[in-house]
Amino acid sequence: MQSTRIIAAVANVWRQPNNTSIDTPALANVGLQPWLAQLSDEDTVALERDNRIVTQALFNDVFLVEQFVNGWAYGYVVNQADSRHPQGYPG
């Protein structure tokens with residue numbers, strides 16, 4: 001596994017890499033405000049209902065990368081405990 005650090009002020013940790021086109025601003029590393037500003041109430045409800053974002057990581061948090069697939073890193077937010085994953089919170 002490879003250890004890295006979060007370089008955005010706040011980074012969404014997604015459950016799976018199957019984002020909709022409305023999520024493009026959230027993936028651009030320009031801050032979350034442009035993305036949040038264009039989400040409707042229905043969009044924000046869908047984030048929770050569909051369990052798309054599992055947590056958020058903050059600037060300089062350690063992320064332990066298990067593997068890269070099609071430009072997405074799969075791994076663990078080390079400083080967020082998860083009883084099923086001793087490495088940290090998965091996403």
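Let me begin with one pair of residues: tyrosine 76 stands opposite proline 90 in strand E6. The model in which this pair appears is a predicted one.

From that pair I move outward to the sheet. E5 and E6 run antiparallel, and 2 bridges join them. E5 also pairs with E4, again in the antiparallel sense, over 6 bridges. One of the pairs between these strands places phenylalanine 63 against its bridge partner in E5, valine 77. Taken as a whole, the sheet is open, has 4 strands in the order E1-E4-E5-E6, and is paired antiparallel. E1 and E6 are its edge strands, each pairing on one side only.

Next, the connection between E4 and E5. These two strands form a hairpin with 2 residues between them. Asparagine 70 is located in the loop between E4 and E5, and its phi is positive, about 50°, although the residue is not a glycine. For background, most residues other than glycine have a negative phi. Is asparagine 70 buried or exposed? Its relative accessibility is 77%, and it therefore counts as exposed.

A second asparagine invites the same inspection. Asparagine 51 has a positive phi of about 55° and is likewise not a glycine. Its place is the loop between helix H2, residues 41–49, and strand E3. With a relative accessible area of 34%, asparagine 51 is classed as partly exposed.

I turn now to the interior. Which residues make up the largest nonpolar core? There are 8 in all: Ile6, Ala11, Val13, Val54, Ala57, Phe63, Val65 and Val77. Strands E2 (10–14), E3 (53–58) and E4 (62–69) are the elements that give two or more residues to this core. A second core, separate from that one, has 6 residues, including Trp14, Ala26, Trp35 and Leu39. As a general remark, nonpolar side chains in soluble globular proteins tend to be buried together.

Isoleucine 6 deserves a closer look as a member of the largest core. Apart from neighbours within four places in sequence, isoleucine 6 is in contact with Ala11, Ala57, Leu58, Phe59, Asn60, Asp61 and Phe63.

Threonine 55, for its part, is found in strand E3. Its relative accessible area is 16%, which is under the 20% cut-off, so threonine 55 is buried. What is threonine 55 in contact with, leaving aside its neighbours within four places in sequence? The contacts are Ala11, Asn12, Val13, Val77, Gln80 and Tyr89. Threonine 55 and valine 69 are 14 residues apart in sequence, and their C-alpha atoms are 20 Å apart in space.

That brings me to the pockets. The largest pocket has a volume of about 810 Å³. Its lining comprises 29 residues, and those nearest its centre are Ile6, Ala11, Asn12, Trp14 and Ala73. Two of these names, Ile6 and Ala11, have already appeared in the largest nonpolar core, and Trp14 belongs to the second core. How do the residues of this lining divide by class? There are 20 nonpolar, 7 polar and 2 charged residues. Strands E1 (2–5), E2, E4 and E5 (72–77) each supply at least two residues of the lining. The largest share, 5 residues, comes from E2.

The second largest pocket holds about 180 Å³ of space. The residues lining the second largest pocket are Arg15, Val54, Glu66, Tyr74, Gly75, Tyr76, Asp82, Arg84, His85, Tyr89, Pro90 and Gly91. By class, this lining has 5 nonpolar, 3 polar and 4 charged residues. E5 and E6 (89–90) each supply at least two of the lining residues, and E5 gives the most, with 3.

Here the talk returns to its opening pair. Tyr76 and Pro90 both appear in the lining of the second largest pocket, and tyrosine 76 stands opposite proline 90. Val54 is also in that lining and is a member of the largest nonpolar core. Tyr89, another residue of the lining, is in contact with threonine 55.

How values were computed
Residues numbered from 1 in each chain as written. Predicted model: local features only at pLDDT ≥ 70, side-chain atom pairs only at ≥ 80, totals over all residues. Heavy atoms only, no water. Core = buried A, V, L, I, M, F, W, Y, C linked by side-chain atoms within 4.5 Å. Buried < 20%, exposed > 50% of the residue type's maximum accessible area, 1.4 Å probe, protein only. Contact = heavy atoms within 4.5 Å. 1 Å grid on protein atoms, 1.4 Å probe; cavity = no way out; pocket = protein on both sides within 12 Å on 5 of 7 lines; lining within 4 Å. Points joined across faces, edges and corners; volume = space filled by probe spheres on them. Nonpolar A, V, L, I, M, F, W, Y, C, P; charged D, E, K, R; others polar. Pairing = 2+ DSSP bridges.
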